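Here's a quick walk through one chain, written for someone who likes to check contacts and geometries for themselves. Have the viewer open and follow along.

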Amino acid sequence: MQEFLARNGRFCLSDDSHGVDQVGLNYHRVLDFLGSTGIPTLHYLELSDADTTEAVDSRFPRTRVMSIPVSELKNLPFWLR
């Protein structure tokens, strides 16, 4: 993990579900994981309304990488317990 952080790795959530009953199965562990590893930011992909110069791949000109600090993420309604 130290190497990941030292190289400015970007952490994003994904889901390896093999059926509908497994979607988001372990998301309840995410905040604790982020806290224990010291990952300060969560990254995600977002579609913009128009082509963007921030596109991560020219094949997907409306897609850009966004981020949110974990401190803000914790306060989103989805995570409130």
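Let's begin with charge pairing: the count comes to 3 salt bridges. Keep in mind throughout that this is a predicted model. Side chains of opposite charge can pair when their charged atoms come close. Here are the pairs, with the N to O distances.

| Basic residue | Acidic residue | N to O distance |
|---|---|---|
| Arg7 | Glu3 | 2.4 Å |
| Arg64 | Glu46 | 3.2 Å |
| Arg59 | Asp57 | 2.5 Å |

Take the Arg64 and Glu46 pair, with its closest N and O atoms 3.2 Å apart. Arg64 sits in strand 2 (residues 63-69) and Glu46 in strand 1, so this salt bridge ties together parts that are 18 residues apart in sequence. How exposed are the two partners? Arg64 is partly exposed, at 23% relative accessible area, and Glu46 is partly exposed too, at 29%.

In the Arg7 and Glu3 pair, Arg7 counts as exposed at 64% relative accessibility, while Glu3 is partly exposed with 48%. The Asp57 and Arg59 pair can be read in a similar way: Asp57 is partly exposed at 21%, whereas Arg59 is exposed at 63%. For Asp57, the label follows because buried means under 20% relative accessible area, and its value is 21%.

Strand 1 has another residue to click on. His43 lies in this strand, which covers residues 41-47. Is His43 buried or exposed? With a relative accessible area of 17%, His43 is buried, because the buried class takes in values under 20%. Which residues does His43 touch, once neighbours within four places in sequence are set aside? Its contacts are Arg10, Phe11, Cys12 and Leu13, along with Val65, Met66 and Ser67.

Now for the rings. A search of the whole structure finds 4 aromatic pairs. One of them joins Tyr27 and Phe78 edge-to-face, with 6.5 Å from centre to centre and 75 degrees between the planes. This pair links distant parts of the chain, 51 residues apart: Tyr27 is in the loop between helix 1 (2-6) and helix 2 (30-37), and Phe78 is in the segment after helix 3 (70-73). On accessibility, Tyr27 counts as partly exposed at 24%, and Phe78 counts as exposed at 59%.

Tyr27 also pairs with Trp79, and that pair is stacked: 6.5 Å centre to centre, 25 degrees between the planes. Again distant parts of the chain are linked, with Tyr27 in the loop between helix 1 and helix 2 and Trp79 in the segment after helix 3, 52 residues apart. Why is one pair called stacked and the other edge-to-face? It comes down to the angle, because planes under 30 degrees apart count as stacked and those over 60 as edge-to-face. Put together, Tyr27, Phe78 and Trp79 form one aromatic cluster.

Trp79 takes us from the rings to the core. At 11% relative accessibility, Trp79 counts as buried, and it belongs to the largest nonpolar core, which has 10 residues in all. The other members are Phe11, Val30, Leu31, Leu34, Ile39, Leu42, Ile68, Val70, Leu73. Which elements give two or more residues to this core? They are helix 2 and helix 3. The largest share, 3 residues, comes from helix 2.

Ile68 is a handy core member to inspect. Leaving aside neighbours within four places in sequence, Ile68 is in contact with Thr41, Leu42, Tyr44, Leu73 and Leu76. Leu42 and Leu73 are themselves listed in the core.

Last stop, the loop between helix 1 and helix 2. Asn8 lies in this loop, and its phi is near 55 degrees, a positive value in a residue other than glycine. Asn8 is exposed, with a relative accessible area of 66%. Asp21 is found in the loop between helix 1 and helix 2 as well, and at 69% relative accessibility Asp21 counts as exposed. How far apart are Asp21 and Lys74 in sequence and in space? They are 53 residues apart along the chain and 25 Å apart from C-alpha to C-alpha.

Notes. Residues numbered from 1 in each chain as written. Predicted model: local features only at pLDDT ≥ 70, side-chain atom pairs only at ≥ 80, totals over all residues. Heavy atoms only, no water. Helix = DSSP H or I, 4+ residues; strand = E, 2+ residues; numbered from the N terminus. Buried < 20%, exposed > 50% of the residue type's maximum accessible area, 1.4 Å probe, protein only. Contact = heavy atoms within 4.5 Å. Salt bridge = Lys/Arg side-chain N within 4 Å of Asp/Glu carboxyl O. Phe/Tyr/Trp six-rings, centres within 6.5 Å; stacked < 30°, edge-to-face > 60°. Core = buried A, V, L, I, M, F, W, Y, C linked by side-chain atoms within 4.5 Å.
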